[in-house]
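I sat down with this model today and kept short notes as I went. Here is what I looked up, in the order I looked.

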Amino acid sequence: MNDKREMERLSRGDITALGTLVRRHQTQALRAAYLITHDLAQAEDVVSSAFLRVFERAEQFDSQQPFGPWFYRIVVNDAINAVRRRNRTTTLEHTGSTRRPVDSTDPEATAVLSEERKAVRDALSQLTPSQRGAVVMRYFLELSESEMVERTGRSRGTVKRHLHDARARMKQLLRATMPSE
């Protein structure tokens, strides 16, 4: 898997290279966008637009840097912006389905896992878009704080504040919904 080679091909006009990048990164990009937007259709739009931007800006890609973090920064930032735009033009009501299939053959484990996922999804939806973006970058895309600073262009203090505030809010929200044992 050599994303840099695909980007070189794409910058030379070989559109089939984009198909290869889509196959490699579409699922994770869609998951990241969905975790921020909580709307599957909007997440799909964000990811489609991000891949279109990759095509349009292929010649601007720095081949000394890895493709993944560059691309996922586009996805995360676009998802945050999409939520902000949606929040300015619509109510804060959630209108999309957040139901996701759970892979398990044990019905009890499936039910527990499903409840836990729903609680986390619901808690995530109550964070600000910037906090959701920070959580997705840190825990889903597994970027370090330094990588987050580099990728977002935000100061270290801002990144740390978003993560701290998101963790504190998630903890508070999950305590209220998850039974203590």
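I began with Arg138, whose charged end sits over the ring of Tyr139, 5.8 Å from the ring centre. For that call, NZ of Lys or CZ of Arg must be within 6 Å of the ring centre and within 35 degrees of the ring normal.

A note to self on the ground rules: this is a predicted model, where local features need pLDDT of at least 70, side-chain atom pairs count only at pLDDT 80 or more, and totals for chains, interfaces and linings use all residues. Residues are numbered from 1 along each chain as its sequence is written, and side-chain values use heavy atoms, with hydrogens and water left out.

Next I looked up ring pairs, meaning Phe, Tyr and Trp (six-membered ring) with centres within 6.5 Å. I found 6 aromatic pairs. One aromatic cluster is formed by Phe51, Phe61, Phe67, Trp70, Phe71 and Tyr72.

Then I turned to helix H2, residues 16-37 (helices are DSSP runs of H or I, at least four residues, numbered from the N terminus). I noted a kink of about 55° in H2, centred on His25; the bend is the angle between axes fitted to the seven residues ending there and the seven starting there. His25 is also one of the buried residues of H2, buried being under 20% relative accessible area (1.4 Å probe, protein chains only).

Last, I checked Thr37, also in H2. Thr37 counts as buried because its relative accessible area is 0%. Leaving aside residues up to four places away in sequence, Thr37 touches Gln42, Ala43, Ala79, Val83 and Arg86, with contact meaning heavy atoms within 4.5 Å. After H2 comes His38, with a positive phi near 60°.

Definitions and conventions: Rings of Phe, Tyr and Trp (its six-membered ring) pair if their centres lie within 6.5 Å; planes under 30 degrees apart count as stacked, over 60 as edge-to-face and the rest as tilted. Helices (H or I, at least four residues) and strands (E, at least two) are DSSP runs, numbered from the N terminus. The expected span of a helix is 1.5 Å times one less than its number of residues. Buried means under 20% relative accessible area, exposed over 50%, partly exposed in between (1.4 Å probe, protein chains only).
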